[in-house]
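Dear colleague,

I am handing over the structure we spoke about, and below it you will find an account of what a look through it turned up. Please read the text with the structure open beside you.

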Amino acid sequence: MECQAQLLAVVAGYFLLLIAWGIYQGRKVKNDADYLIAGRNLPGWAAALSERATGESSWALLGLPGAAYATGLVEIWTAIGCVAGIITAWAAIAWRLRDEAEKYRVNSFIEYISCRHSESGRWLRVAGSATIVFFFFFYVGAQFLGGGKTLHAMFGIAPKFGLLITALIIVPYTVYGGFRSVVYTDVIQAIVMITTLIVGPIVGVIAIMHMPGIFANSIPEALSRAGGGYLSLTGASGGFAAGIVIAGGFSWFFGYLGGQPQLSVRFMAIRDPGQARKGRNIGIAWTLIAYIGALSIGWIGLALFGPGGLKDPEYVMPAVMLKLFPPAIAAVLITGAIAAMISTADSLLILSAGELSENIIKPLLNRNWSCRVDSSRRAGGATSGCAGTGAKNRDSGRGGRDLALSRLVTGALAAVALALAYLFPSTLIYTMVSYVWAGIGGTFSVVILLTLFWKRYSGKAALVTIAAGMFFTIAWIATGMDRVVTARLMTFLVAGASALVAGMIFRAPARDIDPGCRG
């Protein structure tokens with residue numbers, strides 16, 4: 001009882017701090033660009049910590065340690081795939097997306113794609129935004145459900161009531177402060193998460209060496225005694241099956257290559273190239289430390305409790321912390337899991353609101369689908385743009401109306417996501433989420449990579465890529481083929497092949513014409 005009281009006090013204090021900090025940052029929001037992309041003025045350290053907190057969700061604190069606890073060394077391939085993808089994204093994609101966002105003066109992920117391929121801009125806005133918003137409804141709902149599940153496990157709160165508490169924490173500062181509030185609350189959450197992933201493993205490795213009556217007194221001993229392929233890098237599989245296991249783990253790599261909008265928009269928001277380099281260094285360092293720590297926590301849990309010693313492997317991190325630390329300290333470290341879910345939920349919410357308002361609602365209200373291009377980035381050019389959604393309108397009286405509309409859309413999306421989490425079976429919501437990493441990540445990674453690196457890639461080819469990737473993902477998972485070969489790999493390959501064929505058929509127009517003036 002004393003332990004639970006201390007845990008409740010820490011969690012409640014953390015929530016209050018988070019809400020207050022988010023609202024404080026929201027006071028600095030003056031216009032629509034501030035609200036949706038922090039005025040493209042983020043320091044590199046803030047962008048990096050926010051991107052990492054958002055990208056990991058509860059995966060780094062609950063999912064990956066749980067998988068390492070349940071399967072052993074085979075989970076290393078998942079970690080390698082994720083780390084390789086994150087490093088590639090920061091090293092090769094982040095600075096390019098930042099430069100492109102500045103050139104086209106865009107406020108959202110799909111707005112960049114539509115302006116870059118402006119000959120098909122209207123259709124890309126509608127198709128891309130509708131796809132992201134539809135699936136992210138369920139993704140946000142899943143984060144609400146995850147928060148409810150965690151509060152239920154920690155305090156015995158009814159899951160539906162815990163779901164509502166999670167939403168009430170996230171929604172106020174997200175609606176008020178938008179992307180800026182989300183980023184700077186993510187910074188706190190990234191610090192809490194990495195603290196857990198550093199302190200937990202260090203103390204754990206030392207503690208199990210001298211702790212009597214546990215399953216094993218070291219990680220190698222625990223893996224050896226667990227048997228059943230725990231010491232195998234292929235889970236005791238051989239031949240073709242081993243290749244499938246390795247490919248399935250490494251396939252997480254493809255979703256990080258610019259295709260997750262909630263991550264890419266943080267690259268786009270970085271202030272300047274120098275800050276992008278700082279962000280790269282911080283993001284890569286955070287990732288390496290975090291994944292080593294997450295795997296280690298899972299294997300420390302194996303040493304403490306043995307295989308099958310926990311009813312739910314995903315709660316190995318809280319179980320390890322409560323075993324190793326006094327209740328008050330354990331409470332602080334366990335808060336990292338809640339922080340991870342909150343950082344993802346608020347990021348998905350503001351991303352969805354930005355896509356819907358910037359690419360569908362505002363163009364319809366303004367009757368203008370044009371883009372803005374900073375011509376000063378080309379030799380001898382002066383800044384130019386187009387009427388309707390151009391810079392002048394953003395700085396005029398319309399700016400206040402646009403900001404109010406963005407807040408209204410964010411609140412409405414939060415209400416819909418909360419309703420979905422309440423009304424739809426959790427199995428349906430998690431099934432829809434299973435489409436996100438493959439369908440959204442795999443498909444849009446191809447679109448971003450070819451947009452950045454292949455001049456022949458056109459708007460029509462991008463539309464073909466989006467359609468092919470999403471339809472294939474749904475069909476592949478619905479028919480059960482995902483259990484044979486993961487959709488994360490297959491979607492990337494199918495979307496990539498479709499993009500290459502479509503790119504050869506539909507040539508991109510000459511880029512020397514200002515795409516900002518071709519609606």
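A word on helices comes before the findings, since the elements named below depend on it: a helix here is a DSSP run of H or I with at least four residues, and helices are numbered from the N terminus. Please also keep in mind throughout that this is a predicted model.

With that in place, the salt bridges may be taken up, starting in helix α5, which covers residues 76-104 and holds both R98 and E102, four residues apart, or about one turn of the helix. The side chains of these two residues meet in a salt bridge, with 3.3 Å from N to O. The two partners can be told apart by their accessibility: R98 has a relative accessible area of 3% and is therefore buried, whereas E102, at 28%, counts as partly exposed, because buried means under 20% and exposed means over 50%, with partly exposed in between.

A salt bridge also joins the side chains of E100 and R116, again at 3.3 Å from N to O. This pair links distant parts of the chain, with E100 in helix α5 and R116 in helix α6 (residues 109-116), 16 residues apart. Both E100 and R116 are buried.

R52 and E51 form another such pair, in which the closest N and O atoms are 2.7 Å apart, and both of these residues are buried as well. Elsewhere, D32, E358 and K362 are linked in a network of salt bridges. Over the whole structure, the search finds eight salt bridges.

Turning to the open space in the model, the largest pocket holds about 970 Å³. Its lining is made up of 34 residues, and those that lie nearest its centre are S58, W59, Y139, W252 and V433. Several elements give two or more residues to this lining, among them α3 (44-56), α4 (59-71), α7 (121-155), α15 (327-366) and α18 (426-453). By class, the lining of the largest pocket divides into 17 nonpolar, twelve polar and five charged residues.

There is enclosed space too, in the form of five cavities of 30 Å³ or more. The second largest cavity has a volume of about 70 Å³, and the residues that line it include L36, F109, F179, V265, I350 and E355. Helix α15 gives the most to the lining of this second largest cavity, with four residues. Of the residues in that lining, six are nonpolar, three are polar and one is charged.

The last finding concerns the surface, where I198, V199, I202, I206 and I289 make a nonpolar patch of about 400 Å². Helix α8, which runs over residues 159-209, gives the most to this patch, with four residues, and I198 has its place in that helix. Which accessibility class does I198 fall into, buried, partly exposed or exposed? With a relative accessible area of 34%, I198 is partly exposed, and this residue can therefore belong to the patch, because patches are made of residues with over 30% relative accessible area and no salt bridge.

With best regards

Terms used:
Residues are numbered from 1 along each chain as its sequence is written. This is a predicted model: local features need pLDDT of at least 70, side-chain atom pairs count only at pLDDT 80 or more; totals for chains, interfaces and linings use all residues. Side-chain values use heavy atoms; hydrogens and water are left out. On a 1 Å grid over the protein atoms alone, a cavity is a set of points where a 1.4 Å probe fits but cannot get out, and a pocket is an open set with protein on both sides within 12 Å along at least five of seven lines; lining residues have an atom within 4 Å of a point. Grid points are joined across faces, edges and corners, and a volume is the space filled by probe spheres set on the points. Ala, Val, Leu, Ile, Met, Phe, Trp, Tyr, Cys and Pro count as nonpolar, Asp, Glu, Lys and Arg as charged, and the others, Gly among them, as polar. Patches are made of residues with over 30% relative accessible area and no salt bridge: like charges are joined within 9 Å, nonpolar side chains (Val, Leu, Ile, Met, Phe, Trp, Tyr) within 5 Å. Accessible areas come from the Shrake-Rupley method with a 1.4 Å probe; for residues, only the protein chains shown count as cover. A salt bridge is a side-chain nitrogen of Lys or Arg within 4 Å of a carboxyl oxygen of Asp or Glu. Buried means under 20% relative accessible area, exposed over 50%, partly exposed in between (1.4 Å probe, protein chains only).
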